[in-house]
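Grab a pencil and get ready to trace some strands, a metal site and a bit of empty space. Try each exercise yourself before you read its solution.

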Amino acid sequence: MPLITKKAEVLAVYAEAAANKWVIPCFCTENLTTTEAILSAVLAHGQKLNRPDLPISIAITNLYKGRQQTVNYTGTRKWNLGLKLFLQDLKVLMGEDSPFAGLRVLIHLDHIQHDADQELLEWDMSQFSSIMYDASTVSFEDNIRLTREFVDRHGQEIVIEGACDEIKEATRAHADGDDDLTTAERAEDYLKRTGVDMFVANLGTEHRAAASTLHYRGDLAREIRQVTGHKTVLHGASSVSTEEIANLFDDGICKVNIWTTLERDTAPALLEDMLRNIAKIIPSGRIEELKQEGLLGSNISSQDGKTDIGFFTNSYRQQVFKLEMEKIITEYLQTWYR
Ligand SMILES: [Zn+2]
């Protein structure tokens, strides 16, 4: 039973995590390479802990303006095909003959939009483990009303993560300070009136941030925990250092969503690796042309070798990405699965 989608079983995984003082990491993906990097890193970490069945949540966004991951999953740019491919990849990777068969994987739909994602919301929700129902862009009262309606419709079949407050985009100007951080009072009100299983709070982090210059507000999280228990979900984890979010369980966080760092911090590794192996990737004549254009420096040599299939295929590029991603994922796993 490696893919866990029945609501009672999903909640049991969260209860087990809480008993172990674990925070469930939820990594987003928009391609098979990332999905495999997540599974490989979790498997390796679980083996180290002697817990070969470590649970992990793997997520994908749909028509969310911040990032449309199902759309990016396929060159057709069709979300429905992207979502089916994502589900199919997981099914195959969690099959009996797969090295990952012993893991417990939760499938999470992330940032599902109350308006743009209407069509997806008609799909059979029981094939997913959890869904973030995102109505955080409308007024607080409308957010509560829409979320309550969704809970009434689907609360029996799927774990629902509400979005109490909007998490800022890093690209947005934010002279508005800390005014829209989630307070304990607001979180309690939201949770009571919507009936969601867990909820996203704005604790100072941002989505798609380019650098770790922000601060996670653990003090606010602990105030929220006092009134809601362990039901808070943290988004925007890539915008703060891992030291800042080392003790999330004590702060009442049950799940953390991570994506940006997986792509942001692996692209430089690929660029560097390709530059170091450039003579094996493109013909020497092309290297000389790029030098003429000023794109390559004079100490790059075109004489070091000849092109090599081990370096110019997609398989090579994916491998560089995958290894870098596994390092990043492992750092988070070491932080929350101790
Ligand atoms: Zn998010």
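The exercises below go through this predicted model.

**Exercise 1. Work out in which order the strands of the barrel follow one another, and how they pair.**

Solution. Start at strand 1 and walk around the barrel: the order is 1-2-3-4-5-7-9-10, with 8 strands closing the ring. The pairing is parallel. From one strand to the next, the twist averages 25°. As a reminder, strands of a sheet pair through backbone hydrogen bonds, either parallel or antiparallel.

**Exercise 2. Find the pairing between strand 1 and strand 10, then see which helix lies across them.**

Solution. First locate strand 1 at residues 24–28 and strand 10 at residues 253–258. These two run in the parallel sense and share 4 bridges. Next, zoom in on Ile 24: opposite this residue, in strand 10, stands Lys 255. Finally, look for helix 13, residues 314–336. Helix 13 lies across strand 1, strand 10 and also strand 2 (55–61), and its direction makes an angle of about 160° with strand 1.

**Exercise 3. Identify the residues that coordinate the zinc ion and describe their spacing along the chain.**

Solution. Look for the donor atoms: His 111 and His 207 each offer NE2, while His 235 offers ND1. The distance is 2.1 Å. Now read along the chain, and you get the spacing H-x95-H-x27-H. Since His 111 belongs to strand 3 and His 207 to strand 8, this pair ties together parts that are 96 residues apart in sequence.

**Exercise 4. Describe the largest cavity: its volume, its lining and the strands that contribute to it.**

Solution. Searching the whole structure turns up 1 cavity of 30 Å³ or more. The largest cavity has a volume of about 160 Å³. Its lining counts 18 residues, and closest to the centre are Asp 110, His 207, Arg 208, Trp 259 and Thr 260. Sort the lining by class and you find 5 nonpolar, 9 polar and 4 charged residues. Then ask where they come from: strand 3 (104–113), strand 8 (206–207) and strand 10 each give at least two. You've met His 207 already, as one of the zinc donors.

**Exercise 5. Do the same for the largest pocket.**

Solution. Begin with the space, about 290 Å³. Next comes the lining of 16 residues, where Tyr 64, Lys 65, Gln 113, Thr 137 and Glu 166 lie nearest the centre. Last, split that lining by class: 4 nonpolar, 6 polar and 6 charged.

Methods. Residues are numbered from 1 along each chain as its sequence is written. This is a predicted model: local features need pLDDT of at least 70, side-chain atom pairs count only at pLDDT 80 or more; totals for chains, interfaces and linings use all residues. Side-chain values use heavy atoms; hydrogens and water are left out. Two strands pair if DSSP finds at least two bridges between them. Axes are lines fitted to C-alpha atoms, for helices over the stretch in contact, and angles run from 0 to 180 degrees between N-to-C directions. Contact means heavy atoms within 4.5 Å. On a 1 Å grid over the protein atoms alone, a cavity is a set of points where a 1.4 Å probe fits but cannot get out, and a pocket is an open set with protein on both sides within 12 Å along at least five of seven lines; lining residues have an atom within 4 Å of a point. Grid points are joined across faces, edges and corners, and a volume is the space filled by probe spheres set on the points. Ala, Val, Leu, Ile, Met, Phe, Trp, Tyr, Cys and Pro count as nonpolar, Asp, Glu, Lys and Arg as charged, and the others, Gly among them, as polar. Donors are N, O and S atoms within 2.8 Å of the metal (3.2 Å for Na, K and Ca); water is not among the atoms, so sites may look incomplete.
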